[in-house]
Amino acid sequence: DHYKATHLLPPLGDFRRYRVLEWLNFISTDVHKGFGPLFSADLSEEIKESVFRPILRRKFDFVNAKLNQNSYLVGEAFTLADSYMFAMIRWTSHCKIETSKLLSLTRYFKELQQRNSIQKALREEELIG
């Protein structure tokens, strides 16, 4: 809001803003939080596979279904929610969440990887060379 980056978060009064906020809430409370148990050394691999990974797989199935309809989470424009979802999709390979059969999610992730802003962020975080 301070920088008037309305391409990332539409301004107050624009209904698209609330759709972006809705996605940010879903990602933080359903997806991001769902990864927590997978990072726990206290849980067995069996519990992770039988309980926690299936829950996250369903969340990514939901995202994939939404991406069947749009290029991005909130339509045809990249927003803050897409950058957050990009980070969550990156975690899937580290946490053994199979997403390769989710074609729209796979397309979306590949396209996001090509964005200059994401490439820059990955370099700054030293996640790529």
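**Exercise 1. Work out the order of secondary structure elements along the chain, then decide how compact the fold is.**

Solution. Start at the N terminus of this predicted model and walk along: the elements read α-α-α-α-α. Tally them up and you get five helices and zero strands. Next, take the radius of gyration, which is 15 Å, and set it against the 14 Å that the globule rule gives for 129 residues; the two are close, so the chain is as compact as a globular protein of that length. For the outer dimensions, the C-alpha atoms fill a box of roughly 45 × 35 × 30 Å along the principal axes.

**Exercise 2. Find what share of the residues is buried, and what the accessible surface is made of.**

Solution. Burial here means under 20% relative accessible area. By that cut-off, 34% of the 129 residues count as buried. Now turn to the outside: the accessible surface comes to about 8100 Å², and carbon and sulfur atoms hold 55% of that. As for contacts, take those between residues at least 6 apart in sequence: 65% of them join residues at least 24 apart.

**Exercise 3. Place phenylalanine 15 in the fold and say whether it is buried or exposed.**

Solution. First, the location: phenylalanine 15 sits in helix α1, which covers residues 15-35. Then the accessibility: the relative value is 54%, and the cut-off for exposed is over 50%, so phenylalanine 15 counts as exposed. Finally, check its company. Phe15 is part of a nonpolar surface patch with Leu12, Tyr18 and Leu21, and together the four have about 430 Å² of accessible area.

**Exercise 4. Compare the settings of cysteine 95 and isoleucine 97: which loop holds them, and what do they touch?**

Solution. Begin with cysteine 95, found in the loop between α3 and α4. Its relative accessible area is 5%, so cysteine 95 is buried. Leaving out residues up to four places away in sequence, cysteine 95 touches Phe35, Leu38, Phe39 and Arg53. Lysine 48 is 47 residues away in sequence, yet the C-alpha atoms of the two are 9.5 Å apart.

Move on to isoleucine 97, which lies in the loop between α3 (80-94) and α4 (103-113). At 4% relative accessibility, isoleucine 97 is buried too. With the sequence neighbours again left out, its contacts are Phe35, Leu38, Arg53, Leu56, Arg57, Phe60 and Thr92. Glutamate 49, 48 residues off in sequence, has its C-alpha 9.2 Å from that of isoleucine 97.

Put the two contact lists side by side: Phe35, Leu38 and Arg53 turn up in both. Phe35 also belongs to an aromatic cluster with Phe39, Phe60 and Trp91.

**Exercise 5. Classify the ring pairs that tyrosine 72 makes with phenylalanine 78 and tyrosine 108.**

Solution. You need two numbers for each pair: the distance of the centres and the angle of the planes. The structure holds ten aromatic pairs. Take tyrosine 72 and phenylalanine 78: 6.1 Å centre to centre with 80° between the planes, which is edge-to-face. Both of these residues are buried. Next, tyrosine 72 and tyrosine 108 have centres 6.5 Å apart and planes at 70°; edge-to-face calls for over 60 degrees, so this pair qualifies as well.

Last step: what does the tyrosine pair connect? Tyrosine 72 lies in the loop between α2 (45-67) and α3, and tyrosine 108 in helix α4, so the pair ties together parts 36 residues apart in sequence. Tyrosine 72 is buried at a relative accessible area of 14%, and tyrosine 108 is buried at 1%.

Notes:
Residues numbered from 1 in each chain as written. Predicted model: local features only at pLDDT ≥ 70, side-chain atom pairs only at ≥ 80, totals over all residues. Heavy atoms only, no water. Patch = residues over 30% accessible without salt bridge, like charges linked within 9 Å, V, L, I, M, F, W, Y side chains within 5 Å. Areas by Shrake-Rupley, 256 points an atom, 1.4 Å probe, with all protein chains shown as cover. Salt bridge = Lys/Arg side-chain N within 4 Å of Asp/Glu carboxyl O. Helix = DSSP H or I, 4+ residues; strand = E, 2+ residues; numbered from the N terminus. Buried < 20%, exposed > 50% of the residue type's maximum accessible area, 1.4 Å probe, protein only. Rg over C-alpha atoms; globule rule 2.2 N^0.38 Å. Contact = heavy atoms within 4.5 Å. Phe/Tyr/Trp six-rings, centres within 6.5 Å; stacked < 30°, edge-to-face > 60°.
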